[in-house]
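User: I am new to this structure. Please walk me through part of it.

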Amino acid sequence: MFVFVCAGCGAELTIPLSQVSLPVHARQQYGNGAQLPVLMESGTFAVDPEPWGGPWRMWDEIDPGEAEARGIYAPVHALSDGTTGANVIAPGDIRGTRLIPEKRGGACCGLDGADGPNMACEACDLPVATRVDDCSLWQMVRLGSDVVHRVPVDGMHAAPLSWAELAETGEKTPPFEPIATWGGRLGPNHYWSWSPQWEAAAGQALAHLLIASQGQPVEVPGGLTADVFQRALDALLPAGTPKRRAVLAGPGQPSPDAGVDILLIPVHPQTGRTWTPADPTAPAYLVPLPLGVWLWLASPEPNLPVPASGRIARDVLRDYPPPLLPNHLFRADRGTFQHTLVRLPAVRSPWLRPILETLTQNTSAGLF
């Protein structure tokens, strides 16, 4: 475990924190006026390897060689020239800092970090962090890698959980949840929707599925997995047979058949490493999913009990309403999808060009 200290004066700025993987939805912008919760669990931090925030450069200002060196293989609207390696923490875990009022940014309900670091060390006034808590953004504090140091905490070390332990005790992420919004005159409102975390996870996985397809149709397992992926795959890829087959694979799951082309696998929430099959020589393409989403797909929660006809058993809940459902088909997060796709070298494949053009047209709007 570590604490972060000010590079200017050495003052401690956080509680002791353990390192975990940066969540897939860290850069997600969700809806309009939605109140998203805190990104990181208290007591944890994650390193963002990519730059974030201004200054920005438009795509036509960037040499293709420079873009490729930064891991960008297809055009984007603009690229950040900010500092890389920010340490992302929960806002409640920061200590010894004050807000800089004039660095409010262009936010409407909170802080968006558009004006750069908006938190300073109380001891020496060095700008050390950027707080983000505006509507439609996940709440976080980003400690600049060039203005803070990471100091180990003596005697505090926790080994990462094994895959078997994660399969048994890992927390599932429900696919539906109530979304709070800044709304009417009577205060915040709520609506029931697909989980923003699921939409971001699907955006990342869909980019990998598209590459894994090699331009052929792809079939995923039925049920919720099909609800999440199949409609988009059918719209983006040509119809026909044979189809490349994708299945769920991971700890506690049976070994996939030899003919499977694509494996939907979990990502370790602490290390960020993907689960790998026992036979590493298998040619299947590995598509990453956050552990909580993967656990739900691999072992869905049973439906809530509902009233039964005839004589009702004693263990059946009476007059219990059916679970609420979203009022629209599942849509992957476009921003996460595009962010992932342009960072996969195979995006330069000729067969992908017409698909990328389709993504810019109105015909793809219903998929995201």
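User: Which residue in β18 does Val267 stand opposite?

Analyst: This is a predicted model: local features need pLDDT of at least 70, side-chain atom pairs count only at pLDDT 80 or more, and totals for chains, interfaces and linings use all residues. Residues are numbered from 1 along each chain as its sequence is written, and side-chain values use heavy atoms, without hydrogens and water. Strands are DSSP runs (E, at least two residues), as are helices (H or I, at least four), numbered from the N terminus. The partner of Val267 in β18 is Pro290.

User: About what angle does the direction of α5 make with that of β18?

Analyst: Helix α5 (residues 291–298) packs on the sheet, touching β16, β17 and β18. Contact means heavy atoms within 4.5 Å. Axes are lines fitted to C-alpha atoms, for helices over the stretch in contact; angles run from 0 to 180 degrees between N-to-C directions. Here the angle is about 105°.

User: How many bridges join β17 and β18?

Analyst: Two strands pair if DSSP finds at least two bridges between them. β17 (residues 262–267) and β18 run parallel. Their bridge count is six.

User: Which strands are the edges of the open sheet?

Analyst: The sheet has four strands in the order β15-β16-β17-β18, with parallel pairing. An edge strand here pairs on one side only. The edges are β15 (218–219) and β18 (285–290).
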